[in-house]
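Good morning, everyone, and thank you for making the time. Please have a look at the sequence and the structure on the screen, and then I will walk you through what I found.

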Amino acid sequence: MAGHGTVQTSRTYTYFDTDVRPGAAYYYRLRQTDFDGQEQYSPIRAVALAGAAGEVSVSPNPANGKIQVKVPVEMPEIAGRVFILNSNGAVLLEGPVTSENIELDVSGLAAGAYFILINIENRAFRGTFVRS
(Lines give C-alpha, C1' and ligand atoms only; values in the text may rest on other atoms or scores of the structure.)
Protein backbone atom coordinates (compact mmCIF):
# COMPACT_ATOMS: atom_id res chain seq x y z
CA MET A 1 0.00 0.00 0.00
CA ALA A 2 1.17 3.51 -0.63
CA GLY A 3 2.80 5.44 2.19
CA HIS A 4 2.29 9.03 3.22
CA GLY A 5 5.83 10.28 2.66
CA THR A 6 7.79 11.90 5.48
CA VAL A 7 5.47 12.87 8.31
CA GLN A 8 5.99 13.95 11.91
CA THR A 9 2.88 12.22 13.27
CA SER A 10 2.05 8.55 13.73
CA ARG A 11 0.19 6.81 10.92
CA THR A 12 -1.95 3.72 11.18
CA TYR A 13 -2.11 1.21 8.38
CA THR A 14 -4.58 -1.68 8.23
CA TYR A 15 -4.37 -4.90 6.28
CA PHE A 16 -7.00 -7.62 6.48
CA ASP A 17 -5.76 -11.09 5.62
CA THR A 18 -8.72 -13.01 4.19
CA ASP A 19 -6.78 -16.23 3.65
CA VAL A 20 -6.67 -17.53 7.22
CA ARG A 21 -8.01 -20.67 8.81
CA PRO A 22 -9.05 -21.17 12.43
CA GLY A 23 -6.61 -23.29 14.35
CA ALA A 24 -3.55 -22.01 12.49
CA ALA A 25 -0.71 -19.67 13.42
CA TYR A 26 0.37 -16.85 11.12
CA TYR A 27 3.45 -14.64 11.06
CA TYR A 28 3.48 -11.06 9.78
CA ARG A 29 5.96 -8.23 9.39
CA LEU A 30 6.00 -4.92 7.57
CA ARG A 31 8.48 -3.81 4.96
CA GLN A 32 9.02 -0.09 4.61
CA THR A 33 10.59 1.08 1.37
CA ASP A 34 11.89 4.64 1.35
CA PHE A 35 11.83 6.84 -1.72
CA ASP A 36 15.56 6.17 -2.18
CA GLY A 37 14.90 2.40 -2.33
CA GLN A 38 16.21 1.52 1.13
CA GLU A 39 14.15 -1.05 3.00
CA GLN A 40 13.51 -1.66 6.68
CA TYR A 41 11.57 -4.54 8.24
CA SER A 42 9.47 -4.51 11.38
CA PRO A 43 9.78 -7.24 13.98
CA ILE A 44 7.87 -10.42 13.13
CA ARG A 45 4.53 -10.74 14.91
CA ALA A 46 2.83 -14.08 15.50
CA VAL A 47 -0.95 -14.41 15.46
CA ALA A 48 -2.50 -17.66 16.69
CA LEU A 49 -6.09 -18.36 15.75
CA ALA A 50 -6.51 -21.56 17.75
CA GLY A 51 -9.68 -21.23 19.80
CA ALA A 52 -10.08 -17.61 18.76
CA ALA A 53 -13.25 -18.09 16.78
CA GLY A 54 -16.75 -18.16 18.20
CA GLU A 55 -19.54 -20.03 16.48
CA VAL A 56 -22.38 -18.28 14.65
CA SER A 57 -25.84 -19.70 14.12
CA VAL A 58 -27.11 -20.03 10.55
CA SER A 59 -30.70 -20.58 9.48
CA PRO A 60 -32.16 -22.08 7.47
CA ASN A 61 -29.54 -24.75 7.01
CA PRO A 62 -29.58 -26.20 4.36
CA ALA A 63 -30.49 -23.06 2.43
CA ASN A 64 -31.37 -22.19 -1.13
CA GLY A 65 -32.00 -18.44 -0.99
CA LYS A 66 -31.25 -16.12 1.90
CA ILE A 67 -29.69 -17.13 5.19
CA GLN A 68 -29.83 -15.42 8.57
CA VAL A 69 -26.55 -15.37 10.50
CA LYS A 70 -26.57 -14.56 14.21
CA VAL A 71 -23.23 -13.44 15.67
CA PRO A 72 -22.88 -14.01 19.44
CA VAL A 73 -21.70 -10.49 20.23
CA GLU A 74 -23.33 -7.58 22.03
CA MET A 75 -21.85 -4.23 21.12
CA PRO A 76 -23.50 -0.83 20.73
CA GLU A 77 -21.81 -0.34 17.36
CA ILE A 78 -20.54 -3.14 15.16
CA ALA A 79 -18.15 -2.69 12.25
CA GLY A 80 -16.74 -5.76 10.60
CA ARG A 81 -16.66 -7.96 7.51
CA VAL A 82 -18.32 -11.25 6.61
CA PHE A 83 -16.86 -13.73 4.14
CA ILE A 84 -18.34 -16.84 2.52
CA LEU A 85 -15.64 -19.34 1.57
CA ASN A 86 -15.74 -22.60 -0.34
CA SER A 87 -13.99 -25.79 0.77
CA ASN A 88 -10.75 -24.60 -0.88
CA GLY A 89 -10.77 -21.40 1.19
CA ALA A 90 -11.58 -19.13 -1.76
CA VAL A 91 -13.69 -16.09 -0.85
CA LEU A 92 -16.92 -16.20 -2.88
CA LEU A 93 -18.94 -13.48 -1.14
CA GLU A 94 -17.87 -10.57 1.05
CA GLY A 95 -19.78 -7.81 2.77
CA PRO A 96 -20.02 -5.45 5.74
CA VAL A 97 -21.25 -6.42 9.19
CA THR A 98 -23.12 -3.67 11.04
CA SER A 99 -25.24 -5.71 13.46
CA GLU A 100 -25.29 -9.07 15.19
CA ASN A 101 -27.99 -10.21 12.72
CA ILE A 102 -26.81 -10.60 9.13
CA GLU A 103 -28.90 -11.54 6.10
CA LEU A 104 -26.99 -12.99 3.15
CA ASP A 105 -28.27 -13.99 -0.29
CA VAL A 106 -26.62 -17.30 -1.17
CA SER A 107 -28.87 -18.13 -4.11
CA GLY A 108 -26.00 -17.51 -6.54
CA LEU A 109 -23.82 -20.19 -4.98
CA ALA A 110 -23.63 -23.74 -6.32
CA ALA A 111 -24.95 -26.59 -4.19
CA GLY A 112 -22.42 -27.62 -1.56
CA ALA A 113 -20.92 -26.88 1.85
CA TYR A 114 -19.60 -23.41 2.72
CA PHE A 115 -17.80 -21.66 5.55
CA ILE A 116 -18.73 -18.30 7.05
CA LEU A 117 -15.95 -16.17 8.53
CA ILE A 118 -16.81 -12.95 10.34
CA ASN A 119 -14.28 -10.51 11.74
CA ILE A 120 -15.42 -7.80 14.15
CA GLU A 121 -12.87 -5.65 15.94
CA ASN A 122 -10.11 -8.26 16.28
CA ARG A 123 -12.59 -11.03 17.08
CA ALA A 124 -13.27 -13.92 14.73
CA PHE A 125 -16.50 -15.90 14.36
CA ARG A 126 -17.18 -18.85 12.10
CA GLY A 127 -19.93 -21.11 10.93
CA THR A 128 -20.92 -23.50 8.19
CA PHE A 129 -23.95 -24.03 6.02
CA VAL A 130 -25.08 -26.14 3.11
CA ARG A 131 -26.47 -24.65 -0.10
CA SER A 132 -29.08 -27.11 -1.39
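**Asparagine 86 and its surroundings**

Let me begin with one contact, in which the side chain of asparagine 86 reaches the backbone nitrogen of alanine 90 at 3.0 Å. Please keep in mind that this is a predicted model. The side chain of asparagine 86 also reaches the backbone nitrogen of asparagine 88, in that case at 2.9 Å. Asparagine 86 is found in the loop between β8 and β9, the latter strand covering residues 91–97.

Is asparagine 86 buried or exposed? With a relative accessible area of 18%, asparagine 86 counts as buried, because the cut-off for that word is under 20%. If we leave aside residues up to four places away in sequence, asparagine 86 touches Leu92, Tyr114 and Phe115.

One of those neighbours, tyrosine 114, takes us to the next topic, the aromatic rings. A search of the whole structure finds 1 aromatic pair, and its members are tyrosine 114 and phenylalanine 129, which are stacked, with 5.5 Å from centre to centre and 25° between the planes. Tyrosine 114 belongs to strand β11, residues 112–120, and phenylalanine 129 to strand β12, residues 123–131, so that the pair links distant parts of the chain, 15 residues apart. Both tyrosine 114 and phenylalanine 129 are buried. Elsewhere, the charged end of arginine 29 sits over the ring of tyrosine 41, at 4.2 Å from the centre of that ring.

Now to the nonpolar cores. In soluble globular proteins, nonpolar side chains tend to be buried together. Here the largest nonpolar core has 21 residues, and those with the most contacts inside it include Ile67, Val69, Val71 and, once again, Phe129. Two or more residues of this core come from each of β7 (66–70), β8 (80–85), β10 (101–105), β11 and β12, and β11 gives the largest share, namely 4 residues. Apart from this core lies another, of 5 residues, among them Val20, Tyr26, Phe83 and Leu117. As for valine 71, its contacts are with Val56, Glu100, Ile102, Ile118, Ile120 and Phe125, again not counting residues up to four places away in sequence.

Strand β7 deserves a slower look. In a regular strand the side chains alternate between the two faces of the sheet. Which residues of β7 point to one face and are buried? They are Ile67 and Val69, whereas Lys66, Gln68 and Lys70 point to the other face and are not buried.

What, then, are the pairing partners of this strand? Strand β6, residues 57–59, pairs with β7 in the antiparallel sense over 3 bridges, and in that pairing serine 57 stands opposite lysine 70. β6 and β7 form a hairpin, with 6 residues between them. β7 also pairs with β10, in the antiparallel sense over 5 bridges, and there isoleucine 67 stands opposite leucine 104.

Let me finish with the chain as a whole. Its secondary structure comes to 0 helices and 12 strands. Of the 132 residues in the chain, 29% are buried. Finally, among contacts with a separation of 6 or more, 50% are accounted for by residues 24 or more positions apart.

Notes:
Residues numbered from 1 in each chain as written. Predicted model: local features only at pLDDT ≥ 70, side-chain atom pairs only at ≥ 80, totals over all residues. Heavy atoms only, no water. Phe/Tyr/Trp six-rings, centres within 6.5 Å; stacked < 30°, edge-to-face > 60°. Buried < 20%, exposed > 50% of the residue type's maximum accessible area, 1.4 Å probe, protein only. Lys NZ or Arg CZ within 6 Å of the ring centre and 35° of its normal. Core = buried A, V, L, I, M, F, W, Y, C linked by side-chain atoms within 4.5 Å. Contact = heavy atoms within 4.5 Å. Polar contact = N/O pair within 3.5 Å; in protein donor to acceptor, adjacent residues only side chain to side chain. Pairing = 2+ DSSP bridges.
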